[in-house]
Amino acid sequence: MKLAEFTTAASDYASHVDTLFALLSIISGAVVALVTALIVIFLIRYHRGSRAPRGETPERVDREIEIGWTVATFFTFLFLFWWAASDQLTALALPKDELEVHVVAKQWMWRIQHPSGVREINELHVPAHSNVRLVMTSQDVIHDLYLPTMRLKQDVLPDRYTYLSFNATKTGIFHLTCAEFCGTDHSVMAGRLVVVTPEEYARWTSAQPEGDDLAHQGEKLFRSLGCSGCHAPGSTVHAPDLHGLYGAAVQLADGRTVTADEAYLRDCILLPDKNRVAGFPPLMPNFSGSVTPGQVVQLVAYIKSLTTQSTGTTQGVAR
Ligand code: HEC
Ligand SMILES: [Cu+2]
């Protein structure tokens, strides 16, 4: 299969962006044409020595023209703003029952981890007609994931999660690049977005050995890093039970109440001082020097699976 053109629109959202772009081009073109035409007309009509009347325009006409064009432009821009904003908001609203794929950027490659545990580098396989959500972080500097055929672009930052959601409507091979100058080899930090049918995707991920998905990898780390020593039921340290934590509201020692989302879980591991849980001794150690971003992804997947276990951790793959 050939790499598709940058200009291919491979999702409904991409088509919306294209429509908006065409509309903006038409409006801009019309304004350029109008201004140019007026310049030329006035140039000819009022050239030196012409007999065109040069008296003052009546005040009423002046005012009407002034109000007319101000109101017209105002509403045109308001309409464009509404149009663009509603498209953008639809793209940002995270769809339900999505396939969550983790992306870790580093100089100069993209590391991808699927919920089934399958990993790939500089290639992102996704099923067509499925809501895909990318959960992205960087291991070093600021990168930016750019999927031109989806008309999507998002900064990928160290120590933070950012997200991109899309639903590919076309199968094929598309561009995937870094759109933020990130060092010497920035220009080679490119890859391929491979959109396959859901059946092919399921076949592709199930080639991975059983029990090696992200959550299981995280569970192993949870033991080897000693987390379980404190967090397991019956440990001598008074540490919170992590079952049912994901998505729940957590009361913090400083009085804040926060929702335990991915960013929160990540912060608990890397920046424990930021979120001390109320009612527990502040004993959660800082793991920022001893775990890689990839391992944090696995730990977070494991902690999430403690809540979503009934539905299984590899759900969302073979849909
Ligand atoms: C020395 C014991 C100890 C170890 C080891 C430890 N923790 Fe903790 N952890 C705690 C305590 C105590 C708290 C609650 C108080 C606080 O926030 O410091 C906590 C809080 C947490 C929270 C927030 C829980 C909540 O209810 O909001 C998470 C998530 C967490 N730990 C994950 C981990 C992970 C992952 C590891 C291994 C990489 C780990 N912990 C290792 C003691 C520990
Ligand atoms: Cu980059």
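**Notes on two metal sites and a sheet**

1. The copper ion (ligand 2) takes its protein donors from His143 (ND1), Cys178 (SG), Cys182 (SG) and Met189 (SD), which lie 2.0 to 2.5 Å from the ion. Please keep in mind that this is a predicted model. Along the sequence, the donor residues of this copper ion follow the spacing H-x34-C-x3-C-x6-M. Cysteine 178 sits in strand β9 (residues 172-178), while methionine 189 is in the loop between β9 and β10 (190-196); this pair is 11 residues apart and links distant parts of the chain.

2. Which geometry do the four donor atoms around the copper ion (ligand 2) make? The arrangement is tetrahedral, because the angles they subtend run from 90 to 126°. For reference, the ideal angle for four tetrahedral donors is 109.5 degrees.

3. A word on how covered these copper donors are. Cysteine 178 has a relative accessible area of 7%, so this residue is buried. Cysteine 182 counts as buried too, at 4% relative accessibility, and methionine 189 is buried with a value of 1%.

4. Now to the iron atom of ligand 1. His231 (NE2) and Met284 (SD) coordinate this iron at 2.0 Å. Histidine 231 belongs to helix α5 (residues 227-231), and methionine 284 to the loop between α6 (262-270) and α7 (293-308); 53 residues separate the two, so to speak a link between distant parts of the chain. The iron site has six donor atoms, and with angles of 88 to 179° among them the site is octahedral.

5. Are the two iron-coordinating residues buried or partly exposed? Histidine 231 counts as buried because its relative accessibility is 15%, whereas methionine 284, with a relative accessible area of 27%, is partly exposed.

6. You may want to look at the cysteines as well. The structure holds zero disulfides. Cysteine 230 is partly exposed, at 28% relative accessibility.

7. Away from the metals, five strands form an open sheet in the order β3-β2-β1-β5-β8, with mixed pairing. β3 (119-121) and β8 (162-166) are the edge strands, each pairing on one side only. On average, neighbouring strands of this sheet are turned by 25° against each other, direction ignored.

8. Within the sheet, strands β1 (residues 99-106) and β5 (residues 132-138) run parallel and are joined by seven bridges. Valine 104 stands opposite threonine 137 in β5. Helix α7 lies across β1, β2 (109-113), β3 and β5, and runs at about 160° to β1.

How values were computed:
Residues are numbered from 1 along each chain as its sequence is written. Chains are lettered from A and ligands numbered from 1 in the order in which they are written. This is a predicted model: local features need pLDDT of at least 70, side-chain atom pairs count only at pLDDT 80 or more; totals for chains, interfaces and linings use all residues. Side-chain values use heavy atoms; hydrogens and water are left out. Donors are N, O and S atoms within 2.8 Å of the metal (3.2 Å for Na, K and Ca); water is not among the atoms, so sites may look incomplete. Four donors count as tetrahedral if all angles lie between 85 and 135 degrees; four count as square planar and six as octahedral if opposite donors are over 155 degrees apart and all others between 65 and 115; anything else is irregular. Helices (H or I, at least four residues) and strands (E, at least two) are DSSP runs, numbered from the N terminus. Buried means under 20% relative accessible area, exposed over 50%, partly exposed in between (1.4 Å probe, protein chains only). Two strands pair if DSSP finds at least two bridges between them. Axes are lines fitted to C-alpha atoms, for helices over the stretch in contact, and angles run from 0 to 180 degrees between N-to-C directions. Contact means heavy atoms within 4.5 Å. A disulfide is a pair of cysteine sulfur atoms within 2.5 Å.
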